[in-house]
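Here are a few notes to go with the model. Have it open while you read, and tell me where you'd push back.

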Protein chains: 2
Amino acid sequence: MNTRFAVATHILTFLQTQDGRPATSELVASSVSTNPTLIRRLLSQLAKAGLTTSQMGTGGGALLARPGNRITLLDVHRAVDEDSTIFPLHQEPNPQCPVGRQINGVLRSHLSDVEKAMEAELARTTIADMAQDVSKANLAR
Amino acid sequence: MNTRFAVATHILTFLQTQDGRPATSELVASSVSTNPTLIRRLLSQLAKAGLTTSQMGTGGGALLARPGNRITLLDVHRAVDEDSTIFPLHQEPNPQCPVGRQINGVLRSHLSDVEKAMEAELARTTIADMAQDVSKANLAR
DNA sequence: GTATATGTGACCGTATTAGTTACATACTTG
DNA sequence: CAAGTATGTAACTAATACGGTCACATATAC
């Protein structure tokens, strides 16, 4: 797996704390400790998923497309990990073998339940929750 | 993620259907459609986790170390995906930034819940279940 | 002793990943 | 309109991970 989910969540949480002020990719990149281009690429994906909007030009930058309490970690996962399955199947087991012939179908059905459980849990946390947790953690020290 | 979990589950399900007869890595490899070495490496990991045993020499091969109804997909996951997290964090966000400073701790705590949900679901399916599902699927056609 | 089978180190080609450079496009401000 | 600023994206790179393969030492059965 890659760290795109973690970075994307970081970005959105950051935008939430900006409270309506557009954040440039450079500003966000400095919080994440990475390259502005990488941030822009992720922001582009998040925008396509309808989670953020961006304004070009002076004073521009990225904004949450809707309130943080209506963006869940599941939304982030779907936006950013679109076509990467958690537990990929292996391809083309031996169709001559009774096990090889059926294993992927059986496995897929069980893994689909696993994914559902995971998604339900992801959906329980919003970007607003994240921002609040971060702010609490900052007060605690 | 990689396909080790899928292949390992395939191996164990295959062993379950062998019903006590040792299976050589070559036999298993032919069911999975891959290389015996790859199977042996996975079997080695499964053996270390206490899920299988192996016998060298003529008539040897791999066996389940305990009944298939006492081996869950969670056991398999733990045995083969040991040190690969589903959602890795990104390293060293900016400690000068209020968000960067806390994001990984907050994220880790939520992701830990996600992982727990996933593991609970994985634990609900045993290798015996898998073998039975496979055999049912074979009858159905 | 011979045949068989595991266990593991070493290696290879490919794909993925994070990171970077470069630049066309779009918007704001004066 | 001109200058400055910021996004969006293509192209490239180095590092890593992955599946697959070969080779061979080790252990077991007959």
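**Notes on a buried helix and the DNA surface**

1. Start with helix 4 of chain B (residues 73–80): 6 of its 8 residues are buried, so the rest of the structure largely encloses this helix. Keep in mind that we're looking at a predicted model.

2. Which residues of helix 4 of chain B are buried? They are B:Leu73, B:Leu74, B:Val76, B:His77, B:Ala79 and B:Val80.

3. As for what they pack against, both chains are involved. Chain A brings helix 5 (98–122), while chain B contributes helix 1 (4–18), helix 3 (36–48), helix 5 (98–122) and helix 6 (127–139).

4. On to the DNA. Strand C is surrounded by 25 residues, with A:Thr3, A:Arg41, B:Ser25, B:Arg40 and B:Met56 the closest. Of the strand C atoms that come within 4 Å of the protein, 59% belong to sugar and phosphate.

5. Where does the surface near DNA strand C come from? Helix 3 (36–48) of chain A, helix 3 of chain B and strand 1 (52–55) of chain B each supply at least two residues. By type, the residues of this surface split into 16 polar, 5 charged and 4 nonpolar.

6. Some individual contacts are worth a look. B:Ser25 has a polar backbone atom 2.8 Å from a phosphate oxygen of DNA strand C. With B:Ser44, a side-chain N or O atom sits 2.8 Å from a phosphate oxygen of that strand. B:Arg41, on the other hand, places a polar side-chain atom 3.3 Å from a base nitrogen of strand C.

Conventions. Residues are numbered from 1 along each chain as its sequence is written. Chains are lettered from A and ligands numbered from 1 in the order in which they are written. This is a predicted model: local features need pLDDT of at least 70, side-chain atom pairs count only at pLDDT 80 or more; totals for chains, interfaces and linings use all residues. Side-chain values use heavy atoms; hydrogens and water are left out. Buried means under 20% relative accessible area, exposed over 50%, partly exposed in between (1.4 Å probe, protein chains only). Helices (H or I, at least four residues) and strands (E, at least two) are DSSP runs, numbered from the N terminus. Contact means heavy atoms within 4.5 Å. A residue is near a molecule or strand if one of its heavy atoms lies within 4 Å of it. A polar contact is a pair of N or O atoms within 3.5 Å; within protein, one must be able to donate a hydrogen and the other to accept it, and residues adjacent in sequence count only if both atoms are side-chain atoms. Ala, Val, Leu, Ile, Met, Phe, Trp, Tyr, Cys and Pro count as nonpolar, Asp, Glu, Lys and Arg as charged, and the others, Gly among them, as polar.
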